[in-house]
Amino acid sequence: MPVFHMFTAGGKRYMFDANVNAFITINEDLHTELENYIKSGYKEITPAIEKLNDRGFLRDRADFEMVHPMDSTLEYSLERCIGTIALQVTQGCNLRCKYCAYSGNYDNRVHSGKRMSKETAFRAIDFLFDHSIDRDRVSLGFYGGEPLLELELIKECVEYAKKKSAGKELMFNITSNATLITDEVLEFLYDNKFSLTVSLDGDQQAHDKNRVFAANGNGTFGVVMQILEKLQLRHPDYMERVHINAVIDPTTNFDCTSKFFSDYETVKEFYVQANLISEYYRKDEVTTDEEYREKFSYEIFKMYLQKLGRLEEGSISKLVSHGFQSLKEIHDKAKISSSLTVKKDHHSGPCVPGIQRLFVDVEGNLYPCERVSEASKAVRMGHIDTGFDINKARDLLNIGRLTEKECKQCWAFRFCSACAVQADDLEKLSAEKKLQNCAMIRGHIDNMMRDYCVMRNLGCDFDKEKLLV
C-alpha cells in the first residue's frame, strides 16, 4: 500500500511519500486526484498518478522486519560503549516542587528517605568503567531528589572515579536546585570541573509558583539568585559550565519569563534549556494558557525570520532556542534515501537504551535514562550486580514491534519521536498506551513539515545549521 501525506503550506500543496522519503510540490488538480485515489482504496489510477508511479512515488512498500538498525550491535554497545552514567544518590529533596516527578502527581513516584549507599555507588562506578572499554571519555553524573543532600557521598564517588579512570578523560555533572550550594560546595564543583545544571524557572513570580522549600513552603528564587551571583563573582570562568534548566509552567506570563532570561543581569549570559512541565507518567493533564501558547508560537515565527536574515541575532526568546531543531531534523532525515526493498527497518524515536545516559537508582537498578520512572518494571533493564537484561534492553530498543502493523502504514514513520516512555504502563510495554500518543506525534510532525517546506522555499540553508545535542 502507498504511504504518503498531503498538506498545504505557504499557499502551496505538497506530498510527502514515506516510501521514498521525499517531498514534492503538487498542483490543485493532482491533490484532488490523490484524494480520490485514497477514497477508492488506491484503485482509481489517473494518468497523473501513473506518471508519479513511474517516477518512483506511490508504490507499495515491500514488507520488512521491524528491527532497529542498532539491534545487531546492542550487546556490544552495552558491554563496551557506555559513556555516561547518572547516579540517583537520593530520592529525598529539601524542596517540594509542585510539578516534580516525585510530587505525587505522577504514577508511583514520590519522595522518600531512600539514599544510595557508598557500596552501591562504588559498584555503579565500577560498572561504568567495566562497560566503557571502547570509550576514551566517560561522564559520571549525580541526580536526585536533590543530590547535594548527599555531598559527602558525591565527594567519595569523585575520588573513587578518578582512581579508576586511568587512560580516560573523566567528566562530572550534577543537576541541582542550587539551594544547598555553600561556599564549600561551590569550590568543590569548581575544582572538579563539574558541569552544573541549575533549576530556575523564570522571574520570582514564575519560579516561586512551583519551586518551594519543603520545610516552610516559601519560594526559593532569592536563594538561587544569590548562589548564581556568588558563582559569577568568584569564578566568572566557571559560567560556561553552568546551564539553567527552566521547567515552564504554561499558565505563567510568557513575556515576563522570556524577558527575565534575556535581560536580567544575573542570568542573561547563561545557556537556558527550557521545557514544558512533563506529561510523562502524569496522573492529570497539564493546563496550558492560550495566551501563553500564542506568544510562544509568535516567538517561533520570529526565530524563523531570524534564520532567514530578517531579524537580528539576540532578538529571539531563549525559551524557543531549540525550536529550529525540529525543522533541521526533518531536513536531515529527508536527505536519507529510502529503499523499497529494505529487509529491516524501525521507526525513529528510541535511542539505544542506556548508551546516552544510563540511569542507576538508589538500589542499583539500571534504566535507559532518568526520564523513565524507576517505579516501572517495564523499563528496568538490569542491575549493577547482575548486568544488563539484554532481552529487556532489546524490547526497549524495538518498541515498534508493539505496533508493527500501524507503524508500517504510518507516513510519519521516519520522523516519529515515540520511545519506551510512551509505551510504559509501569508493568509492561503497552501497544495501547503507545498508540494513544500517535495522533499528537503526527500532528507535531505535520506542523514541522509545513514550516520546513515554507522555510526551504524562502531560501533557508538547512545544511549550514548544526544540530544541537
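**Close-up views of the predicted model**

**View 1. The second largest pocket.** α9 (254–263), β10 (271–276) and α10 (290–307) each supply at least two residues of the lining of the second largest pocket. The structure shown in this and the following views is a predicted model. α10 makes the biggest contribution to this lining, giving five residues. In total, 24 residues line the pocket, and its volume is about 500 Å³. Q306, I316, S317, K318 and S321 are the lining residues that lie nearest the centre. By type, the lining of this pocket consists of eight nonpolar, nine polar and seven charged residues.

**View 2. The largest cavity.** How many cavities of 30 Å³ or more does a search of the whole structure find? The search finds three. The largest cavity holds about 150 Å³ of space. Three elements give two or more residues to its lining: α13 (404–408), α15 (431–435) and α16 (438–457). Among these elements, α16 gives the most, with four residues. The lining has 15 residues, and those nearest the centre of the cavity are C407, C410, C416, C438 and R442. Ten residues of the lining are nonpolar, two are polar and three are charged.

**View 3. The second largest cavity.** This cavity has a volume of about 60 Å³. Its lining includes V3, A18 and N19, along with R61 and F64. Further along the chain, C407, K408, C410, F413 and R414 also line the second largest cavity. C407 and C410 are also among the residues that lie nearest the centre of the largest cavity. The lining of the second largest cavity divides into six nonpolar residues, one polar residue and three charged residues.

**View 4. The packing of helices α1 and α2.** Helix α1 covers residues 28–39 and helix α2 covers residues 47–54. Their axes lie 9 Å apart, and the two helices pack at an angle of about 85°. Angles from 65 to 115 degrees count as roughly perpendicular, so α1 is roughly perpendicular to α2. On the α1 side, the contact is made by L30, E33, L34 and Y37. On the α2 side, A48, I49 and L52 take part. Six residues of the contact between α1 and α2 are nonpolar, one is charged and none is polar.

**View 5. The three-stranded sheet and helix α16.** Three strands form an open sheet in the order β1-β2-β3, and the pairing is antiparallel. Strands of a sheet pair through backbone hydrogen bonds, and they do so either parallel or antiparallel. Which strands lie at the edges of this sheet? The edge strands are β1 (4–9) and β3 (22–26), each of which pairs on one side only. From one strand to the next, the twist averages 25°. Helix α16 packs on this sheet and touches β1, β2 and β3. The direction of α16 makes about 60° with that of β1. Helix α16 also appears in View 2, where it gives four residues to the lining of the largest cavity.

**View 6. Strands β2 and β3 and the loop between them.** Strand β2 (residues 12–17) pairs with β3 in the antiparallel sense over five bridges. For D17, the bridge partner in β3 is A22. The loop between β2 and β3 contains N21. N21 is not a glycine, but its phi is positive, at about 60°.

**View 7. The eight-stranded sheet.** Eight strands form this open sheet, and their order is β10-β9-β8-β7-β6-β5-β12-β13. The pairing of the eight strands is mixed. At the edges are β10 and β13 (366–367), each pairing on one side only. Edge strand β10 also supplies at least two residues of the lining of the second largest pocket, shown in View 1.

**View 8. Strands β5 and β6, and the loop before α5.** Strand β5 (residues 84–88) and strand β6 (residues 137–143) run parallel, joined by five bridges. L87 has F142 of β6 as its bridge partner. Where does G145 lie? G145 is in the loop between β6 and α5 (151–164). The peptide bond that joins G144 and G145 is cis, with an omega of about 5°.

Conventions: Residues numbered from 1 in each chain as written. Predicted model: local features only at pLDDT ≥ 70, side-chain atom pairs only at ≥ 80, totals over all residues. Heavy atoms only, no water. 1 Å grid on protein atoms, 1.4 Å probe; cavity = no way out; pocket = protein on both sides within 12 Å on 5 of 7 lines; lining within 4 Å. Points joined across faces, edges and corners; volume = space filled by probe spheres on them. Nonpolar A, V, L, I, M, F, W, Y, C, P; charged D, E, K, R; others polar. Axes fitted to C-alpha atoms, helices over the stretch in contact; angles between N-to-C directions. Parallel < 35°, antiparallel > 145°, perpendicular 65-115°, else oblique. Contact = heavy atoms within 4.5 Å. Pairing = 2+ DSSP bridges.
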